[in-house]
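I am opening a notebook on a structure that is new to me. I want to see how its chains meet and how each of them is put together.

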Amino acid sequence: MDWQMLTLVGADRPGIVAQVTQALYEGGCTLGETSMIRLGGNFTIMMMVSDGGKPLATLIEPVAERMQLQYHLDPIHGALHQHLVPNFQVRVVGADRAGIVSKVTGALAGLGFNILELESDVAGSAKDPLYIMTIQGFADATLEALDEALQAAKDADIEVNVSPIETLIG
Amino acid sequence: MAILDILQLPNPRLKEASAPVERFDDSLRRFIDDLEETRRNGPAAVGIAAPQVGHLQRIVIVDCSTTRKPVPNHGHLVLVNPEITEWDGFELGREGCLSVPDYTGNVIRAERIKLTARDPYGATHEYEMTGYEARAVQHEVDHLDGVLFVDRLVSRRTDLFQRKVYQKGGKGKSARNR
């Protein structure tokens, strides 16, 4: 099956997913994996969509215009059932400083850590912002090696901890 | 011994409740041998429940003695008619299931449990378990009530807020966490 990655961004309001997916369904499309999240009050979604025969853009254009969304379509390689199971989780909490993400992920990349999921948010207040990030990923490196690299990379007022994820299959 | 077929979602039999075992005989023990062989045949499963092979009786096997990183455990356990009698604490962990291939997700489970169960000869035993082994038993006992881990999934983002949300539900120590 040939997949395209459909990205939609715009001001958030109720009903966007329903209208977008209805247009795709009526156009004969199939959905694969999708991920939607609200970022800074914006609606954002990325969806694997397979072609239903008609060009996808002609299906999305009307709904994007109606809901005031920007959209983007890319043909992608890849398929369903390509999941990797993470074996480490990294949590970062601290004062919001420029460069946290690049330092932490740089330390991880140096040990061959493959980030599978990353989410970050800014909590606290405008005056005292608090940066919170969680990462799940896979690495062959040891817990001790990851911890050492992370502690060396971080600033003093940031807490970084790494813990193993033992996925239970039952 | 035989390797049995594992039912996979959306097979409706996985959603059925299982009946207690009443006869602790050779045929029960032969089935348990087959269930164990089936568990060992697939991907590294720490547990299996009888309804996963379409046998709707309250039997589970759990073995947390071979995890990559050692965890507190009671070795290889066959639990017949298991009853969880106490729950305490909660933690988030990642689970998958032989009946739901190619998917893993986060589930909140009690951190510590007490349970009673019969062995394959009918003798009653009591156990206190923590962490990973407690999680495995809760996952398997759920199968006996027709509940799968995908019925208990929580969002990845729940992680940092789990305490608040969970306590609001007031289910931390209820007799039946359902």
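Entry 1, where the chains meet. I began with the contacts between the chains, keeping in mind that this is a predicted model, and found that 25 residues of chain B are in contact with 14 residues of chain A. I then asked which elements of chain B give two or more residues to the side that touches chain A. They are strand S4 (91–97), strand S5 (100–109) and helix H2 (131–144) of chain B. Sorting that side of chain B by class, I noted 10 charged, 9 nonpolar and 6 polar residues.

Entry 2, strand pairing across the chains. I looked up how S4(B) is linked to chain A and found 2 bridges to strand S9 (residues 168–169) of chain A, the two strands running parallel. For one residue I wrote down the partner: Leu168(A) is bridged to Glu95(B) in S4(B).

Entry 3, a sheet in chain A. Here I traced an open sheet of 4 strands, in the order S2-S3-S1-S4, with antiparallel pairing. Strand S2 (30–39) and strand S4 (69–76) of chain A are the edge strands, since each pairs on one side only. On average, neighbouring strands of this sheet are turned by 15° against each other, direction ignored. Within the sheet I counted the links between strand S1 (residues 3–11) and strand S3 (residues 42–50) of chain A: 9 bridges join them, and the strands run antiparallel. As an example I noted Thr7(A), whose bridge partner in S3(A) is Met46(A).

Entry 4, helices on that sheet. Helix H2 (residues 56–66) of chain A packs on the sheet and touches S1, S3 and S4 of chain A, its direction making about 165° with that of S4(A). Helix H1 (residues 16–26) of chain A lies across S1, S2, S3 and S4 of chain A and runs at about 160° to S2(A).

Entry 5, a helix pair in chain A. I next followed helix H3 (residues 100–110) and helix H4 (residues 143–153) of chain A, whose axes come within 9 Å and cross at roughly 150°. The crossing of H3(A) past H4(A) is right-handed. Which residues meet there? From H3(A) they are Lys103(A), Val104(A), Gly106(A), Ala107(A) and Gly110(A), and from H4(A) they are Ala149(A), Leu150(A) and Ala153(A). By class, this contact has 5 nonpolar, 2 polar and 1 charged residues.

Entry 6, chain B as a whole. I listed 3 helices and 8 strands in chain B, and read their order from the N terminus as α-β-β-β-β-β-β-β-α-β-α. Of its 178 residues, 34% count as buried. I also checked the contacts in chain B between residues at least 6 apart in sequence, of which 66% join residues at least 24 apart.

Entry 7, the sheet of chain B and its helices. An open sheet of 5 strands has the order S1-S2-S3-S6-S7 in chain B, with antiparallel pairing. Its edges are strand S1 (47–49) and strand S7 (124–130) of chain B, and the twist averages 40° from one strand to the next. Strand S6 (residues 112–118) of chain B is joined to S7(B) by 7 bridges, the two running antiparallel, and among these strands' residues I noted Ile113(B), whose bridge partner in S7(B) is Met129(B). Helix H1 (residues 26–41) of chain B lies across S1, strand S2 (59–63) and strand S3 (76–88) of chain B, at about 45° to S2(B). H2(B) lies across S1, S2, S3, S6 and S7 of chain B and runs at about 160° to S2(B).

Notes. Residues numbered from 1 in each chain as written. Chains lettered and ligands numbered in written order. Predicted model: local features only at pLDDT ≥ 70, side-chain atom pairs only at ≥ 80, totals over all residues. Contact = placed C-beta atoms within 7 Å. Nonpolar A, V, L, I, M, F, W, Y, C, P; charged D, E, K, R; others polar. Pairing = 2+ DSSP bridges. Axes fitted to C-alpha atoms, helices over the stretch in contact; angles between N-to-C directions. Buried ≥ 20, exposed ≤ 12 C-beta atoms within 10 Å, placed from the backbone. Left-handed = near helix turned anticlockwise from the far one by under 90°.
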